[in-house]
Amino acid sequence: MRKLLLTSLITCLLSFSAFGQQKTITGVIKDKTDGLPITGATVQVLGSTTGAISDAEGRYSISAASGNTLIFRYIGMKQQEVVVGTENVINVTMEPDDVGLDEIVVVGYGSAIKRELTGAITKVETKGIAEIPTASFDAAIQGKTSGVFIEQASGKLGETVKMRIRGSSSVSANNQPLYVVDGVPITTENLSNDNNQPTSPLTDINMADVESIQILKDASAAAIYGSRASNGVVIITTKRGQAGATKFNLQYTTGISEPSNLMEWLNGDQYLMLFNEAMDNVSDGDGLVWGWLPKEDIWEMFVGPTWNEGYNSDWQKEAFQKGRINRVNVSGSGGNEMTTYFAGLSYDDTKGILRDNSMNKMSARLNLDQKATERLSFGLQMNVIRTEMERVENDNAFATPLQLVAQSPLTPVYDPDTGELNTNTIYYNSLISLRDATNNQTSYRSLANINASYKIFDALTFKSEFGSDILDLREKNFWGRKTISGGPAGEAQNRSVRVVNYNWENYFTFNKEFGSQNLNAVAGMSYQESMTTGSNIEGKGFPTDDFHNMASAAEATSFSSWDDGNSYLSYFLRANYKINEKYFFTVSGRVDGSSRFGKDNRFGFFPAASAGWIISQEDFMRSISKTLSYLKVRASYGITGNSGIPDYAHLALYSSINYAGRYGLEPTQLQNSGLGWENTAQTDIGLDFGLFNNRLTGEIDYYVKKTTDLLLYRTLPGTSGFDGYWNNVGELSNKGLEFSLHSNNLTGDFVWTTDFNMSFNRNEIINIDGPEITPNSINYVIEGEPIGVFKIAKFAGADPDNGDALYYVGPDSDETTNNFNLAAPQVVGSPNPKFTGGLNNYFEYKGLDLTILMSFVYGNMIYNGAGNYQSASCDWFDNQTIDQLDRWQNPGDVTDVPQVRLGDGNGTKISTRYLTDGSYLRVRNVSLGYNLPASLVNRMKLTNLRIYVAATNLFTFTDYKGWDPEVNYTGVSRSTQNTNIIQGYDFYTAPQARTYTLGINISF
C-alpha cells in the first residue's frame, strides 16, 4: 500500500514538473485549400513575447510548455489556437478567412450574413467609438464609411449633425436618414426654441452602449422601411449579454479642449492706423470725415474714450474657455443558457470651448433576453437618459460669444474706473449675457422595447415587439436687466415640449432549407404614432436679477401651446432566395399609410428587387483563387418614400386671433387633399472583391437616384393672404460612385491594417416647375444645378487706378464695373463637395495599438456671411481680419482688398469676395493605447486593462480663411427647406474643438 502511494506521488510530481517544463515544439503549417505549405505564418505563445515564423516549407520551431496556448496567424487565414499537451510535434492546417464576409449584419426586421447581401449595406466599425470625445455617435463615425457625408454644424455642444446618405433627395422635405434603435424608429427632430440653433436628440444615445451600426444605402436594403427610407436608414443595435460568468467593464476618460483654429485679427496699433486711414479716405479738404465730423469726435463717439489710451484687447480670447471632459462608463453582462443580460451606467460631464457652454449627461440601460421555453423567448431593452445643457445663443445674436470679435481692440474688456464689464463698447458686450443670463435646456428621455417571439415550428417564427420613445424637453431662459434682451427689469421664458412616440410591430419569419437552396421570408405589419405637446410662457418685470422663476414676473407677456401628431400604418414583405451558396435573390415591398397626406393619396407602395452572384464560387474561377479569392456582383432597383413634412401640411388650418378685444378665426394654410408621397427610385450596381487570400478586400458601387413628385413648399404672393403651400411637383437626381478598401498590410507581432473610402456624388435639380427658390439671396435652387448653389455677383478685385471694388458685369463677360447694381448675379460655386472620404490606419505591436483616422472633403465652397463685417475694408468699426492690411493704397496697386473707406461700403456687397474653397483634410482622431500583458493582468485578478491617450481634430489642412471649414449655419428657422438649401454658410460660427484625452478601460 505504501509502495503504491509513493509511486502515485512520484508520478504526480513528475507530471507537474512536465507540465511547467519548457520544450521545443515543431511542426508544419499548410493551406487547407491546396495542401501547400504556408511561408511566413506566425506562431506565438499566448500571454508572452515568444514567437516564431514558418519557413519556405511551412516548418516552424518554438519553445513552449505543456498547457501553453499556441496562436497561429497568417493573412487571409483564420486564426487558430492549440493547447500544448504531451506531444512535441503540432501540425496545423489553416482555413481561408473571408475577412468579415461571414459576419452578421443587422437589416430591417432581421439579420443576414454579409456574403449573402444583395443590397448596399455598410457595417460601421464601432470599436473604440466610446473613447472618442464627441457629443453624439454620428459625429464619431465621420470618415468611416463611403456614401455617407457627415458634417457638424459648429463647435457648440449638442448641435444638430447633418448626415447625407448618397446626397440630398429632397428640396423642402426632410433629408436626414431614418434612425432605428433596437427596432424603434426614434425621434430625431430638433425641439429647441428659436433663441438657439437646432439641437440633436441623437446626443442622448450613449456610445458605450452601441454594439453595431448598420447604414442601409440603396433601395433594396432600405425599401423594407418604405415611406421614410429615401434618405437611407441607420440601424443601431445596443449591446447584449452572453452566456457565462458576469463580466464587468469600467471605462474612464478625462481630457481638455481648445479651439481647433483661431483667426488672426488687427491688434490695437494696426486697428488705429488702418481706421485713421479709412477716415482720411472719406474726409474733405478740411479733414472732416464725411464733410462734417473731426476724426477725434468719431473715435470718441463710436469706439469710446479709451481709443487713444493704448489698449490692445484680445476679444477673441474672451469668447473661448478651456474645455474639459470627464466621462465614466460602467457595465456588467453575463447570464446562462436561459437568461442573458447587459446593464450599463454612464456619466458625461463636458465643458465646451465657448464661454458658458456645457453639457451634463447621465444614462442607464438594461437589456434582458429570456428563453422561457424551447419555443418561447422574450426580451426587454430599456434606456433612461437625462441631458442638461447650458447653451449660448444663436450665431446671429449679439449675445453669442463669437460676435465679441467685432469689438475694437482699443476698447478694454472691463471698465477701467469700475472694474465691471465694459458697457461703453461699439456693440453690445455679450460677456454681460454670459454673466447675467441663463440659457438652460434639460431633457428626460426613455427608450424602451419589449418583444416576444414564438417558434411555431422549426421553419416559422412569430415575433411581436412594442417600442416607445418618450422625450421630455424643458427650457428655462432668463435675461437680466443689463442684458440686451432683458429690458428694464429682466425677462424670462419657460418652454416645455413632450414627444410620445410608440411603435408596434408583428411579423412572421420563415426560414427553410431545400437541399442546396434556402428561402428566408419576412411578412408583417407595423403601426407607429407620435404625439407632440408643447407650451411656452414669457414674462417680464423681476424684483432683482436673483429672481428667475416665472412666478416672480410682474407681467406675463406671451403664452402659447400646441399639439401635433402623426401616425403610420404599414404592411411589409421580404423574401430572400439562395441557391448553392452563390446565387442570391431578394424581393421586398411595403405599403405605408400616413396621416401627413391627403385622403386621396394617403397610401403608397414601395417595392424593391435585387440579385447577387458570387462568381468566385464557380469552378472556372478556382485556378485564380489565390489571386482573386472573392468576387461578387450585385444589382438592385427599388422605390422608397419621404414623408418628412409638417404633420398637417395637407389640411386647411385656422388660428384664433384677438381683434379689438374680440376673438375670431384666421385662415393660415390652404388645403391640398391630393398631397402625397415623394418617391425616390434608385438603381445600384455593386462589386465586392477580395484579392490575395482576401488580404485586400473592397466594395465598389455605382448608383442613380431619381426623386419625383417632390414635396415642395411654394411661396405665394402676399396678396393671397398665405405664406405658401405644400404640393407634389418637381424632380431631382443623385448619381454617384463610391468605393471602400480594407487592407491587411502586415500581420504577426506587428499588425497594420488600412481602411480607405471615397465617394463621388452629383446632385441635380431637374425640375421645380416654377421660379428659382432662395431663402437668403445667396443659396439657390435652380434647374440644372445642384441644390443650394451660390448665385451671387462675381468680385473682380480692386481697381488698380483708384481702389474701387470691381465686379464682373455678367457670367460670360470680362467687363467689370464699380457699380454693384450693374453686376448680374451668376452661379459661382456649390456647397456640395465633389468627393468625400476617409483613411484609417491601425497599428498593433505586442500590446501597443495606434489608430489614425483622417477624413477629407473636396470641391465645396463656403460663403462667409460675416465677411462684410470682418473683412470689409474698414466699412465700419468692427475689428478686421489681418488680410485687410493688404488694401489698395496707391495707383498701380494690384490687390483683392479695395481701398479702406469708413462708411462707404467699398466692396461689402454680397459677392464672391467672401466665397472661399471649403476643401479640407482633417486628422480627426489619433489614439495610442496599451494593453497590459495577460500575465500581469491575471495577477491583478482582471481580464484586461488598457490605458490610452487620444487627440481629436488634431490638424486641419485647408485654404478656408474662417475658423473652421466644417461649418453650416442655417439660422434658427425650423423650416426644413431652409436647412436643405442653406449650406456652406458661415456666420460667426464656432470652430470644432481640439480635444486631448487620457483614459483607462478595465475588464474583470
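## Rings, charges and cores

In this structure, which is a predicted model, the charged end of K791 sits over the ring of Y780, at 5.6 Å from the centre of that ring. A second arrangement of this kind involves R922, which lies over the face of Y920, with 5.6 Å to the ring centre.

From charges over rings we can turn to rings beside rings, of which the structure holds 39 aromatic pairs. One of them is formed by Y109 and Y507, whose ring centres lie 5.4 Å apart with 75° between the planes, an edge-to-face arrangement. This pair links distant parts of the chain, since Y109 belongs to the loop between β8 (104-107) and β9 (110-113), while Y507 belongs to strand β24 (residues 491-514), 398 residues away. Y109 has a relative accessibility of 8% and therefore counts as buried, and Y507, with a relative accessible area of 5%, is buried as well.

W290 and W876 offer another pair, and here the planes meet at 10° with the ring centres 6.2 Å apart, so the two rings are stacked. Because W290 is found in the loop between α4 and α5 and W876 in the loop between α8 (867-870) and β47 (915-917), the pair ties together parts that are 586 residues apart in sequence. As for their surroundings, W290 counts as partly exposed because its relative accessibility is 32%, and W876 is likewise partly exposed, at 27%. Both tryptophans also belong to one aromatic cluster, which is formed by Y271, F275, W290, W299, F302, W307, W876 and F877.

Some members of that cluster, including Y271, W299 and F877, appear again in the largest nonpolar core, which has 55 residues and in which Y271, W299, V303, L402, Y863, F877 and L902 touch the most other members. Two or more residues of this core come from each of the elements α4 (268-280), α5 (295-303), α6 (315-319), α7 (431-436), β39 (789-792) and β46 (861-864), and the largest share, five residues, is given by α4.

Y863, one of the core residues just named, can serve as a closer example: leaving aside its neighbours within four places in sequence, Y863 is in contact with I778, F790, I792, I910, S911, Y914, L915, G984, Y985 and D986. Apart from this largest core lies another one, of 25 residues, among them I129, V161, Y179 and V210.

Methods: Residues are numbered from 1 along each chain as its sequence is written. This is a predicted model: local features need pLDDT of at least 70, side-chain atom pairs count only at pLDDT 80 or more; totals for chains, interfaces and linings use all residues. Side-chain values use heavy atoms; hydrogens and water are left out. A nonpolar core is a set of buried Ala, Val, Leu, Ile, Met, Phe, Trp, Tyr and Cys residues joined through side-chain atoms within 4.5 Å. Buried means under 20% relative accessible area, exposed over 50%, partly exposed in between (1.4 Å probe, protein chains only). Helices (H or I, at least four residues) and strands (E, at least two) are DSSP runs, numbered from the N terminus. Contact means heavy atoms within 4.5 Å. Rings of Phe, Tyr and Trp (its six-membered ring) pair if their centres lie within 6.5 Å; planes under 30 degrees apart count as stacked, over 60 as edge-to-face and the rest as tilted. A charge sits over a ring if NZ of Lys or CZ of Arg is within 6 Å of the ring centre and within 35 degrees of the ring normal.
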